[in-house]
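Okay, thanks for having me. Pull up the model on your screens and we'll walk through it together.

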Amino acid sequence: MHICKCNNCDSFLWDKNPKSSAVEIVGNLPFQVAKMVYNQAHVCPNCNTDEYLTDLSPEVILPKAYYRLADNQTGGYLASSCNAVGLAAWAKEFLEYHCSDLCDDDQDLVEKLYALSPEEVIEVAHEAGFSLQMSQYPFESDWFLDKIPVHLIQKMWITADGEICVQLNNCTIFTTKEDINFIDGNAISNFF
Ligand SMILES: [Zn+2]
């Protein structure tokens, strides 16, 4: 889903006509989002017009969102920059991935890319065939195991197979004692 705002009544609305590079929101948001109604066009349900509808920067929607990139061709997700927190952090991690493919002759281009705003980096990712998604909670990801903030862990337990199951707000991750390098021993013992 995508979101926009009516600047007349200050409502957040689920956007029926997002631009193609708009950031997709996965899961719920911590505030109310209204549905548009159709009256010759998709309009604000309070103001009955689309005159005041504006796109929102992802950072305005959720300053500390988690991000991931969906590969439009394969439907998979890019490991690099997955679960970066905040748009600026995502843009930096994406550029490190994106620029590592460029050769030394492209230094000018690399400099230009790093000078872009995070919003402009979204366009670069879009042109490279990716769609940016954001979520209030971390995305389920093997690559995320070394980045999980302890306060997001709701529950951890050992399964019958000896795996460690880590339950976050909106996803569950299976790992092993060897791979559970994201939490110190004391923090782990609090969960068992
Ligand atoms: Zn309105």
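So, to kick off: how many bridges join β8 to β10, and do the two run parallel or antiparallel? There are 6 bridges between β8 and β10, and the two strands run antiparallel. When I say two strands pair, I mean DSSP finds at least two bridges between them. The strands (E, at least two residues) and helices (H or I, at least four) are DSSP runs, numbered from the N terminus.

Quick housekeeping. This is a predicted model, so local features need pLDDT of at least 70, side-chain atom pairs count only at pLDDT 80 or more, and totals for chains, interfaces and linings use all residues. Residues are numbered from 1 along each chain as its sequence is written.

Now the overview. The protein has 5 helices and 13 strands. Of its 192 residues, 22% are buried. Buried means 20 or more other C-beta atoms within 10 Å of the residue's own, exposed means 12 or fewer, and partly exposed is in between, with C-beta atoms placed from the backbone. Taking contacts between residues at least 6 apart in sequence, 52% join residues at least 24 apart. A contact here is two C-beta atoms, placed from the backbone, within 7 Å.

Back to β8 and β10. They sit in an open sheet of 4 strands, ordered β3-β10-β8-β9, and the pairing is mixed. At the edges you have β3 (24-26) and β9 (84-85), each pairing on one side only. For a landmark between β8 and β10, look at Arg68, whose bridge partner in β10 is Gln133. On β8's link to β9, the sense is antiparallel, over 2 bridges. There, Tyr66 has Val85 as its bridge partner, and Tyr67 stands opposite Ala84.

Keep an eye on Tyr67. What does it contact, leaving aside neighbours within four places in sequence? Ser81, Ala84, Trp90, Leu132, Gln133 and Met134. Ser81 is a bit of a curiosity: its phi is near 70°, a positive value in a residue other than glycine. Ser81 lies in the loop between β8 and β9, and is buried, with 24 other C-beta atoms within 10 Å. Set that beside Asn48, again not a glycine, with a positive phi of about 60°. Asn48 is in the loop between β6 (41-43) and β7, and counts as exposed because it has 10 C-beta neighbours inside 10 Å.

Next, the core. In soluble globular proteins, nonpolar side chains tend to be buried together. By nonpolar core I mean a set of buried Ala, Val, Leu, Ile, Met, Phe, Trp, Tyr and Cys residues joined through C-beta atoms within 7 Å. The largest one here has 31 residues, and Tyr67, Phe94, Ala125, Leu132 and Met134 touch the most other members. At least two residues each come from β1 (3-6), β8 (66-71), α2 (87-99), α4 (118-127) and β10 (130-135). The top contributor is α2, with 5 residues. And why does this core lie between domain 1 (3-56) and domain 2 (66-130)? Because both domains give residues to it. Those domain bounds come from an automatic or database domain assignment.

Let's zoom in on α4. Its buried residues are Val121, Ile122 and Ala125. They cover an arc of only 110° around the axis, so they are on the same side of α4; that arc is taken from the directions from the helix axis to the C-beta atoms. Covering those buried residues are, among others, β8, α2 and β10. Flip to the face turned away and you find exposed Glu120 and Glu127. After α4 comes Gly129, with a positive phi near 95°.

There's a second open sheet of 4 strands, in the order β4-β2-β1-β7, also with mixed pairing. Its edge strands are β4 (34-35) and β7 (53-55), each pairing on one side only. Here β2 (residues 11-14) and β4 pair in the parallel sense over 2 bridges, and Trp14 has Lys35 as its bridge partner in β4.

Last stop, further along the chain. Strands β11 (residues 155-158) and β12 (residues 164-167) pair antiparallel over 4 bridges. They form a hairpin with 5 residues between them, and Gly162 in the turn has a positive phi of about 85°. Ile158 stands opposite Ile164. Then β12 is joined to β13 (residues 172-175) by 4 bridges, running antiparallel, with Cys165 partnered by Phe174 in β13.

That's my tour, thanks.
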